Amino acid sequence: MDVASYFLLFVCFLQSVIAILDPNDFLALQSIRKSLHDVPGSNFFASWDFTADPCNFPGVYCVDDKVVALNLGDPRAGSPGLTGKLDHSISKLSALADLTVVPGRIYGPLPQSISQLKNLRFLGVSRNFISGEIPPGLSQLRNIRTIDLSYNQLTGTIPPSIGTLPLLTNLILCHNRLSGSVPSFASAFSLTRLELKHNALSGSLAPYSLPPSLHYLSLSWNKLTGPVDRLLTRLNRLNYLDLGLNQFTGRIPTEIFSFPLTNLQLERNQFTGPVQPVNEVTIQTVDLSYNRLSGQVSPMLASVQNLYLNNNWFTGQVPGSFVERLLAAGIQILYLQHNFLTGIAISPTAEIPVSSTLCLQYNCMVPPVQTACPFNAGKRKIRPAQQCNRR
């Protein structure tokens, strides 16, 4: 066998044991490597040696000659992460389906070119210092299931076109500096998780702006206004709802208390009217504090483990079912302070379980038992009589 034949056999052997990465993917990885660096204490890029097969690099996953997943940074808890900017050449990874960046110090805008990744299913770049606006081109990612850009410094509005993504399941944009209104997700029939808390979003929510497919909805710590009763009655698959610290108004719909919720957080809004569940409420935590709710406390709420009704306008006697549940350690937290309640049938010598907390101060009665209340309840035990006489 001549030299040329030996050489040909050697090349064939190399090709059989080494997957040759697509040249475009190879160059893209090089550019990404040049734009990012390990934060001191991280050694993620230490083995990114381009004289070897990039498909064996940490965080790089290939199928045949294409990169299909790129997880940038050491995923172990406590890793300091990476710094630098995300390079626009990331769009050259044409088969990329999964792009994840671990928490770190990556800054600058999200590359507009990400919208060219037509196969992308998961985009997770959270807990960094990404700034600028959300690229409107993300609406071109018709295969995307999850977008997580939480805990960054994003500004501007949420592109309305994101609400049209047909397969979007999770949209997590919390803890940024986003403003403007919440776009309509009425046609996002696959959406199950929507997290927009801790932004500066404003405006009202139309009755049909969110899909009934939602299981998890968090809009707290914004500037949202208007009634939500018609909207909420449609979202009967929710198992977590947090609308706290906004300026929502109107009544709390009765239907919501029969949803499969574990947490219902509506605190610090401007909700009004009575709270009248039809059946025994099985939600573990219900926080309706700091609103303008009125009427008598419903006995249907006595089955709630952690109940916050403080700082409202509730009147009348506290139902005896609350006392029974409290003394049996079925209630862990019962906050009734700062209302207009006139009595509760509990003995002054009753022993409240150590695992339970009761606060009754600043109502239209002398608290029959002395209990530890939160600091923000103040020091006054009884509401002034002239306030009580007006109710």
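These legends go with a set of close-up views of a predicted model.

**View 1. The five-stranded open sheet.** Here we're looking at 5 strands laid out in the order 1-4-6-8-10, with mixed pairing. Strand 1 (36-38) and strand 10 (153-155) sit at the edges with a single partner strand each, so one side of each has no neighbour in the sheet. From one strand to the next, the twist averages 20°.

**View 2. Strands 6 and 8 side by side.** Zooming in on that sheet, strand 6 (residues 105-109) and strand 8 (residues 129-133) run parallel and are joined by 3 bridges. A handy pair to pick out is Pro109, which stands opposite Ser131 in strand 8. As a reminder, strands of a sheet pair through backbone hydrogen bonds, either parallel or antiparallel.

**View 3. Helix 2 on the sheet, and the annotated N-terminal stretch.** Helix 2 (residues 23-35) lies across strand 1 and strand 4 (82-84), and runs at about 60° to strand 1. The unreviewed UniProt entry carries the annotation "domain: Leucine-rich repeat-containing N-terminal plant-type" for residues 23-62. In the model, the chain over residues 23-62 is 32% helix and 15% strand. The C-alpha atoms at the two ends of that stretch are 13 Å apart.

**View 4. The eight-stranded open sheet.** This sheet has 8 strands in the order 12-14-16-18-20-22-24-26, and the pairing is parallel. Strand 12 (179-180) and strand 26 (340-344) are the edge strands; each has a single partner strand, so one side of each is left without a neighbour in the sheet.

**View 5. Strands 14, 16 and 18.** Strand 14 (residues 200-204) runs parallel to strand 16 (residues 223-227), with 3 bridges joining them. Across this pairing, Ser204 stands opposite Thr225 in strand 16. Strand 16 is also joined by 3 bridges to strand 18 (residues 247-250), again running parallel. Follow Thr225 to that side and you'll find it opposite Gln247 in strand 18.

**View 6. Strands 20, 22 and 24.** Further along the sheet, strand 20 (residues 270-273) pairs with strand 22 (residues 292-296) in the parallel sense over 2 bridges. Look for Thr272, whose bridge partner in strand 22 is Arg292. Strand 22 then pairs with strand 24 (residues 313-318), also in the parallel sense, over 3 bridges. There, Ser294 stands opposite Trp313 in strand 24.

**View 7. The cavity and its lining.** Searching the whole structure turns up 1 cavity of 30 Å³ or more. About 50 Å³ of space lies in this largest cavity. Leu360, Gln361, Pro367, Val369, Gln370, Thr371, Cys373 and Lys381 make up its lining. By residue class, the lining of the largest cavity splits into 4 nonpolar, 3 polar and 1 charged.

Note on methods: Residues numbered from 1 in each chain as written. Predicted model: local features only at pLDDT ≥ 70, side-chain atom pairs only at ≥ 80, totals over all residues. Heavy atoms only, no water. Pairing = 2+ DSSP bridges. Helix = DSSP H or I, 4+ residues; strand = E, 2+ residues; numbered from the N terminus. Axes fitted to C-alpha atoms, helices over the stretch in contact; angles between N-to-C directions. Contact = heavy atoms within 4.5 Å. UniProt positions renumbered as here; feature names shortened; annotations may be inferred. 1 Å grid on protein atoms, 1.4 Å probe; cavity = no way out; pocket = protein on both sides within 12 Å on 5 of 7 lines; lining within 4 Å. Points joined across faces, edges and corners; volume = space filled by probe spheres on them. Nonpolar A, V, L, I, M, F, W, Y, C, P; charged D, E, K, R; others polar.
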